[in-house]
Amino acid sequence: MNRVRSGAAPWAAAGSQPARAAWDAAAARGAAPLCFALFLSIALAQTNDLVAVVSKPVSRTVDLPAELQPYLTVALHAKVAGYVERVLVDRGSIVKQGELLAELTAPEMTAQIAEAAFKVQASEADRMQAEAQLGAAQSTYDRLRKAAETPGAVSGNEVVQAQKQVEAAQALVHAREQASRAAQAAVRAQKDMEAYLKIEAPFDGVVTDRFVHPGALVGPGADPVLLVLQQVSRVRLVVPVPEEDVGGTVRGASIPFHVPAYPERTYTGTVARIAHALDPKTRTMPVELDVVNRDGTLAPGMYPSVKWPVRREHPGLFVPKTSVVTTTERTFVIRNRDGRVEWVDVKKGTADGDLIEVSGALRAGDKVVRRGTDELREGTPLKGGK
């Protein structure tokens with residue numbers, strides 16, 4: 001039989017308020033010594049009640065902070081130097097892909113295009129002149145070659161010279177053609193650069209910032225940001241998931257969340273991208289959810305609260321909360337080992353109703369004391385424990 005510590009009442013081992021009341025009543029009548037054995041047996045009967053360690057899947061939700069980001073975002077710059085002539089949008093403007101946002105002016109570019117076009121005309125004239133020379137040389141060569149068929153009419157040297165003149169004319173025509181193509185390419189390049197004077201929207205979105213006004217000098221040298229465009233019809237929800245909760249992250253899962261601006265509404269996002277690496281500073285893994293923002297109520301920069309599901313591949317071990325004993329030195333449960341008390345150190349985990357998850361040297365089906373107490377010393381017999 002287990003002993004009670006000196007000076008402790010039997011109800012202390014039982015942990016029962018009714019037992020305490022009964023003991024106090026007996027003590028008032030002076031009958032406490034006579035009832036000691038009775039109350040001790042009640043205490044031990046309650047303490048030695050054994051339950052099995054239960055194995056079951058671990059599934060719960062935790063509230064995690066997150067941040068909404070635009071699905072696409074771009075800062076628009078000017079590729080060519082020029083002055084801002086018009087800005088057709090402002091902060092908050094909703095635009096479509098290809099829509100004109102701003103227009104620049106660069107008078108010197110018009111002169112450059114005109115100069116390049118003149119070079120094309122000049123190269124075309126040179127090419128035509130070279131082709132005419134080739135035609136003349138080819139005609140002379142053909143006549144001399146025919147005349148050479150009559151013995152003594154034309155010397156062989158004259159035929160060879162005429163042939164060389166044809167080859168030289170052909171090379172000149174080829175060079176003129178190359179020069180003409182180069183001049184045409186220069187014109188196309190200048191016109192392509194001229195197209196950059198018109199700033200167009202690369203995708204559907206909302207202008208969230210405007211930094212320039214008509215008359216401002218922009219271009220690669222100054223390189224100021226003209227406009228910031230973001231796509232918000234679909235947004236990214238970035239959730240920093242703690243290290244201990246990343247195991248249950250599943251691509252394609254639907255996750256609910258709330259935003260402070262609309263606390264009565266529940267939004268959902270779909271897990272789309274998993275970083276597969278932890279931030280060394282926060283020990284969290286960024287997970288991105290795609291969220292369709294049909295009504296535009298969600299905005300980049302909001303900090304939602306996400307109901308993040310926590311799942312584990314392997315089931316957890318659960319015992320009654322009262323089975324776990326916590327002292328200043330250790331946390332343990334009392335296991336039945338061949339009818340005797342065995343203290344097994346554990347770590348507490350997730351609570352599930354009256355049960356709590358524990359991890360330690362336990363297995364499913366092990367018998368532990370329902371109401372654990374350090375009064376049950378290790379190695380002492382357990383009543384009814386076999």
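I began with a single bridge: Val 239 has Val 287 as its bridge partner in β14. The model is a predicted one, and I kept that in mind for every entry below.

**Strand β14**

I looked up which strands pair with β14. β11, residues 227–242, pairs with β14 in the antiparallel sense over nine bridges. β13, residues 262–274, is also antiparallel to β14, over four bridges. For that second pairing I noted Arg 273, which stands opposite Glu 288 in β14.

Next I asked how many of the nine residues of β14 are buried. The count is seven for this strand, residues 284–292, so β14 is largely enclosed by the rest of the structure.

**The loop between β13 and β14**

I then went through the backbone angles of this loop. His 276 is found in the loop between β13 and β14, and its phi is positive, about 60°, although the residue is not a glycine. Arg 283 lies in the loop between β13 and β14 too. Its phi is about 55°, again positive in a residue that is not a glycine. I marked both because most residues other than glycine have a negative phi.

Are these side chains buried or exposed? His 276 has 60% relative accessibility and therefore counts as exposed, the cut-off being over 50%. Arg 283, at 41% relative accessibility, counts as partly exposed.

**Confidence**

I checked the scores before going on. The average pLDDT of the protein is 84, and 86% of the residues score at least 70. Residues 1–18 have a pLDDT below 50, and this stretch has 34 contacts in the model beyond near neighbours in sequence. Residues 36–47 also have a pLDDT below 50, with 24 contacts beyond near neighbours in sequence. I did not follow up those contacts, because predicted coordinates should not be read in detail where pLDDT is low.

**Overall counts**

I recorded the totals next. The protein has five helices and 21 strands. Of its 386 residues, 38% are buried. I also took the contacts between residues at least 6 apart in sequence: 73% of them join residues at least 24 apart.

**Largest pocket**

I looked up the volume of the largest pocket, which is about 200 Å³. Its lining has 14 residues, and those nearest the centre are Ile 94, Gly 205, Val 206, Val 232 and Ser 233.

Which strand gives the largest share of this lining? That is β11, with three residues. β11 is also the strand that pairs with β14 over nine bridges. β6 (94–95), β9 (205–210) and β11 each supply at least two lining residues. By class, I noted five nonpolar, five polar and four charged residues in the lining of this pocket.

**Cavities**

The count of cavities of 30 Å³ or more is two. I opened the second largest, which holds about 30 Å³ of space. Its lining consists of Gly 248, Thr 249, Val 250, Ala 253, Ile 255, Val 271, Trp 308, Pro 309 and Arg 311. β15, residues 305–311, gives the most to this lining, with three residues. The classes here are six nonpolar, two polar and one charged.

**The four-stranded sheet**

I traced one open sheet of four strands, in the order β8-β7-β5-β10, with antiparallel pairing. Why is one side of β8 and of β10 left without a neighbour in the sheet? β8 (198–200) and β10 (217–218) stand at the edges and each has a single partner strand, so one side of each has no neighbour there.

Inside the order, I looked at β5 (residues 82–87) and β7 (residues 100–105), which pair in the antiparallel sense over four bridges. Val 84 stands opposite Leu 104 in β7. As background to these pairings, strands of a sheet pair through backbone hydrogen bonds.

**Helix α4**

My last entry is on Ser 139, which is found in helix α4, residues 107–147. At 31% relative accessibility, Ser 139 counts as partly exposed. I also took a distance from Ser 139 to Val 166: the two are 27 residues apart in sequence and 9.0 Å apart in space, C-alpha to C-alpha.

Notes: Residues numbered from 1 in each chain as written. Predicted model: local features only at pLDDT ≥ 70, side-chain atom pairs only at ≥ 80, totals over all residues. Heavy atoms only, no water. Buried < 20%, exposed > 50% of the residue type's maximum accessible area, 1.4 Å probe, protein only. Pairing = 2+ DSSP bridges. pLDDT = per-residue confidence, 0-100. Contact = heavy atoms within 4.5 Å. 1 Å grid on protein atoms, 1.4 Å probe; cavity = no way out; pocket = protein on both sides within 12 Å on 5 of 7 lines; lining within 4 Å. Points joined across faces, edges and corners; volume = space filled by probe spheres on them. Nonpolar A, V, L, I, M, F, W, Y, C, P; charged D, E, K, R; others polar.
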